[in-house]
Amino acid sequence: MEKSIKNRGVLLKMVLATMVCVLIVATLIAFVGCANGNYDNNSLTIEFGKKQTKFTLPKDVLIRVEKQTKYYVFENIQPKSKKVIGDLIQYVYDNTDSNKKVFRVEKDGSITKAGYFEEQGKFEISLDGKQNVYKRENYITNNLPRGLSGVEDLMLTNIGNNYFKVLDIDEKFALNLYRNNMIIDSATGNVQIEPKFEIEVMHGDSVRIERKRENKFDVVGVKSGVTQVKIKYQAIEVLSGGKWFCYNASSENREVIANFAVGEDFVEDVDIKLVSDLYESKNKVFDSEFDTIYYTGEKGNIKAQINGASSVLCQGKAATKISENVFDLQIKSGYNVFEIVKGDKRQFVTIYGAKISIDIQNENGEITSDNKIQVGDNIKIKVNGIYNTLPKMSGVYNPTQQYLSSATPTYGCKLQVVFGNGEEKTIIDAKYISQYYYKENSEIEFEMKSEYLQNGKFMFDLQFYAKWWGENLGAHRDINDSGVQTNMDAKLYDGYIGFFEQISIE
């Protein structure tokens with residue numbers, strides 16, 4: 001009898017213990033489920049507090065937090081702690097020093113999420129979305145922070161002024177890529193965020209390409225030959241000033257086409273100079289990154305002086321040789337790759353073309369043709385389709401504003417219309433509108449004069465004058481792992497960017 005009672009006691013204890021375990025497990029499951037229920041399993045949730053910031057995201061998503069120490073140089077910041085919440089991971093970072101800190105969250109197949117640390121606030125954003133978003137509606141400037149900053153869809157590289165690089169076998173080239181214009185926290189803070197660049201091999205296998213980070217790659221020579229690549233970047237959503245902004249992926253018309261050659265059959269020392277009576281800077285070396293060829297017809301046409309070249313080919317078709325070292329190059333919209341033959345050596349150059357349109361208004365504001373224009377009329381010309389090729393680039397380039405009344409006046413970057421040539425030349429500036437979105441500085445007003453007509457045609461030339469603080473064009477190609485300091489001794493430079501065919505309107 002006593003043994004039976006004892007057995008019942010043991011059984012009762014076992015039942016009670018089991019019930020307690022079940023209750024504990026149920027409580028834990030409920031607790032975890034409740035905690036996990038505070039977050040979306042397919043979203044990034046950021047909680048900024050005065051002392052710390054929490055990032056809660058799915059386990060298969062990568063996060064990186066950095067602090068900009070100099071322009072183009074970042075120090076990696078480790079989390080204070082991290083914990084698993086169901087299918088999510090929560091990372092905790094210090095937020096007592098949020099200045100110059102940026103975060104970056106990446107998930108395969110989704111738009112990169114990035115941004116600047118806030119002082120307070122909770123933000124959530126879905127991790128869905130296609131990477132290669134390029135929407136013209138996102139091009140509206142008021143959809144982006146800081147007015148006109150960051151609206152361009154071009155890019156700069158350190159490959160060279162012709163997008164061509166020669167390597168030896170096993171030689172490594174550190175390829176750096178930059179968005180134009182930069183995504184920055186402010187025009188004074190200049191804390192940058194780059195989109196994720198992608199390199200697609202179009203043909204060739206002479207080099208091996210290794211990614212180092214979103215905008216840095218190593219290009220290594222493998223064997224003799226030429227490898228042509230297409231460089232583009234993906235869309236990116238950035239948290240800035242308490243709002244998310246979507247910056248477009250690169251435009252197909254301005255994706256960089258570059259050639260990497262390996263071996264002794266190639267040279268890099270062939271410079272191209274445009275032949276023109278118009279430009280004061282006609283003897284400058286043509287720079288593929290800055291000197292877009294603009295035209296109004298079906299294609300563009302430039303005369304190029306290429307010293308030492310025996311022939312120039314475009315997709316296997318020979319360009320017309322006009323005279324010694326001068327060739328007639330046909331330019332289409334987008335990229336044009338030319339192969340220059342110099343003796344037994346070769347070089348490649350990429351030249352960009354862009355078709356522009358011109359609106360002409362009379363003094364009544366009506367778009368018109370020149371047969372409605374009379375001498376003495378006030379005329380307005382608006383040129384559409386110009387690219388912002390000179391960027392706001394921290395410590396390197398800073399396009400000027402227009403301060404004509406200053407003791408040291410600056411003129412900004414603007415289009416100019418040119419009538420005549422030589423001593424009879426007349427230059428009229430476009431109306432100044434924007435410092436950084438300067439392609440809008442392309443509206444010109446003037447009084448129609450009889451000398452502007454030639455054989456019944458309205459004839460004029462265009463040139464784009466640029467003035468900037470910083471360094472010479474091309475200085476961005478010298479940025480290395482040491483970065484760039486604030487340029488307290490920035491010099492003032494000016495020059496002409498791009499090339500325009502003469503405009504003739506019937």
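These are my notebook entries on a predicted model, covering one buried glutamine, some salt bridges, one sheet and the aromatic pairs.

**Entry 1: Q228**

I began with Q228 and looked up its place in the fold. Q228 sits in strand β18, which covers residues 225–233. Is Q228 buried or exposed? I noted a relative accessible area of 10% for Q228, which is under the 20% cut-off, so Q228 counts as buried.

I then checked what surrounds Q228. Leaving out residues up to four places away in sequence, I found Q228 touching E200, V201, M202, H203, I257, A258, N259 and V337. With one of these, N259, there is also a polar contact, side chain to side chain, at 3.1 Å.

**Entry 2: salt bridges**

I looked up the salt bridges next, and the count comes to 23. I wrote down three pairs and one network.

I took K232 and E200 to start with, as E200 had already turned up among the residues touching Q228. The side chains of K232 and E200 form a salt bridge with an N to O distance of 3.9 Å. K232 belongs to strand β18 and E200 to strand β15 (residues 197–203), so this salt bridge ties together parts that are 32 residues apart in sequence. I looked up accessibility for both partners. K232 is partly exposed at a relative accessible area of 23%, and E200 is partly exposed at 36%.

The next pair I noted was E289 with R477, whose side chains meet in a salt bridge at 2.8 Å, N to O. Where in the chain do E289 and R477 lie? I found E289 in the loop between β22 (273–274) and β23 (293–295), and R477 in the loop between β40 (457–470) and β41 (491–496). The two are 188 residues apart, and the pair links distant parts of the chain. Both E289 and R477 are buried.

I also recorded E443 with K380, a salt bridge at 3.9 Å, N to O. E443 is in strand β38 (residues 443–447) and K380 in strand β32 (residues 378–384), with their positions 63 residues apart in the sequence. For E443 I noted 16% relative accessibility, so E443 counts as buried. K380 is partly exposed, with a relative accessible area of 27%.

Last, I listed the network: R64, E66, R104, E106, R213 and E214 are joined by salt bridges that share partners.

**Entry 3: a sheet of six strands**

I followed one open sheet and wrote down its strand order as β4-β3-β7-β8-β19-β20, with mixed pairing. Which strands are at the edges? They are β4 (73–77) and β20 (243–247), each of which pairs on one side only. The twist from one strand to the next averages 30°.

I looked more closely at β19 (residues 236–240), which pairs with β20 in the antiparallel sense over five bridges. In this pairing I found E237 opposite C246 of β20.

**Entry 4: aromatic pairs**

I counted the aromatic pairs and the figure is 26. For F48 and F55 I noted ring centres 6.5 Å apart and planes at 80°, so this pair is edge-to-face. F48 and F55 are both buried.

Y71 and Y72 also form an edge-to-face pair, 6.3 Å centre to centre with 65° between the planes. Y71 is buried, with a relative accessible area of 11%, and Y72 counts as buried at 8%.

I closed with a cluster: F48, F55, Y93, F103, F117, F123 and W244 form one aromatic cluster.

Methods
Residues numbered from 1 in each chain as written. Predicted model: local features only at pLDDT ≥ 70, side-chain atom pairs only at ≥ 80, totals over all residues. Heavy atoms only, no water. Helix = DSSP H or I, 4+ residues; strand = E, 2+ residues; numbered from the N terminus. Buried < 20%, exposed > 50% of the residue type's maximum accessible area, 1.4 Å probe, protein only. Polar contact = N/O pair within 3.5 Å; in protein donor to acceptor, adjacent residues only side chain to side chain. Contact = heavy atoms within 4.5 Å. Salt bridge = Lys/Arg side-chain N within 4 Å of Asp/Glu carboxyl O. Pairing = 2+ DSSP bridges. Axes fitted to C-alpha atoms, helices over the stretch in contact; angles between N-to-C directions. Phe/Tyr/Trp six-rings, centres within 6.5 Å; stacked < 30°, edge-to-face > 60°.
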